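Trainee: Got a minute? I'd like to walk through this structure with you.
Mentor: Sure. Let's open it up.

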Amino acid sequence: MKPHKHVSLDFQRMQPSQQLESSRQFVNRMAQRRSVRFFSAEPVPFELIENAIRCAALAPSGANQQPWRFVVVQDPEMKRQIREAAEAEERESYEHRMPADWLDALAPLGTDWHKEFLETAPYLIVVFRIDFGLAQTEEGGSRIKHYYVQESVGIATGFLLAALHMSGLATLTHTPSPMGFLTSILGLPKNERPFVLIPVGLPSPDATVPELTKKSIAEVMEIK
Ligand SMILES: Cc1cc2nc3c(=O)[nH]c(=O)nc-3n(C[C@H](O)[C@H](O)[C@H](O)COP(=O)(O)O)c2cc1C
């Protein structure tokens, strides 16, 4: 492949005081992010969703292959189908499929197989990982290997969640397991696999969240 031309970096250097102010503000805003499981049906501007996806799509990725797709579902009938399929899988997981240690790990959160938020949230963003590219050659189709798909899509999803939160929206990181039903309901090709399902909107007025603590900086950071 031809090497890329190199251009000057557009880097806006900040004053140290601005840097500190900005980093502290960002930490404070991110400290307010929570996984929300009770949504209001109140509509939210589509541009907020689109801008958050623009932000996610700016994430770094292995070899800049950008192995992701973000499917925004707003159609009530499609949301109903997704809820029905997710609840069927989740019910099987909670009642039969998953071992006791999985149920024990989830028990403090108080979650169960009911996923009403999949219909009430105004938008569902389904993040897909594109496991390999498809190229058409004279001899027929061939696969283009994608590198570090899991890491790249994970980072892009982090950008997405942060951008949605910074736009004043509530999200849930939801992984009904298995998630294959999303590929068929949304009509995507087989090389694109669902990675995470994110309901987005405003919390319902009476929304609650589990009282959780996060590890302290001393527990998560090591300085050598
Ligand atoms: C990869 C991943 C998968 C998750 N899957 C689910 C899920 O399927 N259902 C759910 O209710 N929460 C899910 N969560 C949300 C976590 O339970 C939540 O992030 C955690 O309890 C911490 O709470 P917080 O996000 O409010 O800080 C998931 C989170 C991550 C990062």
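Mentor: Start with arginine 129. It forms a salt bridge with aspartate 131, and the closest N and O atoms are 2.7 Å apart. Keep in mind that this is a predicted model.

Trainee: Okay. Is arginine 129 buried or exposed?
Mentor: Arginine 129 is buried, because its relative accessibility is 14% and buried means under 20%.

Trainee: And what about aspartate 131, buried or exposed?
Mentor: Aspartate 131 is buried too, with a relative accessible area of 18%.

Trainee: How many salt bridges does the count come to?
Mentor: The count comes to 12. One of them joins the side chains of glutamate 50 and arginine 54, at 2.6 Å from N to O.

Trainee: Where do glutamate 50 and arginine 54 sit along the chain?
Mentor: Both are in helix α2, residues 46-56. They are 4 residues apart, so about one helical turn separates them.

Trainee: How accessible are those two?
Mentor: Glutamate 50 is partly exposed, at 33% relative accessibility. Arginine 54 is also partly exposed, at 49%.

Trainee: What does the side chain of lysine 115 meet in a salt bridge?
Mentor: The side chain of glutamate 90, at 3.5 Å from N to O. This pair links distant parts of the chain, 25 residues apart. Lysine 115 is in the loop between α4 and α5, while glutamate 90 is in helix α3.

Trainee: Are lysine 115 and glutamate 90 buried or exposed?
Mentor: Both are buried.

Trainee: Which residues are linked in a network of salt bridges?
Mentor: Glu77, Arg80 and Glu84.

Trainee: New topic: pockets. What volume does the largest pocket have?
Mentor: About 600 Å³. It is lined by 26 residues, and the closest to its centre are Arg37, Thr111, Lys115, Phe117 and Leu172. So you meet Lys115 again there.

Trainee: Which elements give two or more residues to the lining?
Mentor: Helices α3 (76-97), α4 (100-106) and α5 (117-120).

Trainee: How do the lining residues divide by type?
Mentor: Into 11 nonpolar, 10 polar and 5 charged.

Trainee: Now the outside. Which residues make the nonpolar surface patch?
Mentor: Ile217, Val220, Met221 and Ile223 make a patch of about 450 Å².

Trainee: Where does isoleucine 217 lie?
Mentor: In helix α8, residues 217-220.

Trainee: And why does isoleucine 217 count as exposed?
Mentor: Because its relative accessible area is 58%, and exposed means over 50%.

Key: Residues numbered from 1 in each chain as written. Predicted model: local features only at pLDDT ≥ 70, side-chain atom pairs only at ≥ 80, totals over all residues. Heavy atoms only, no water. Patch = residues over 30% accessible without salt bridge, like charges linked within 9 Å, V, L, I, M, F, W, Y side chains within 5 Å. Areas by Shrake-Rupley, 256 points an atom, 1.4 Å probe, with all protein chains shown as cover. Salt bridge = Lys/Arg side-chain N within 4 Å of Asp/Glu carboxyl O. Buried < 20%, exposed > 50% of the residue type's maximum accessible area, 1.4 Å probe, protein only. 1 Å grid on protein atoms, 1.4 Å probe; cavity = no way out; pocket = protein on both sides within 12 Å on 5 of 7 lines; lining within 4 Å. Points joined across faces, edges and corners; volume = space filled by probe spheres on them. Nonpolar A, V, L, I, M, F, W, Y, C, P; charged D, E, K, R; others polar.
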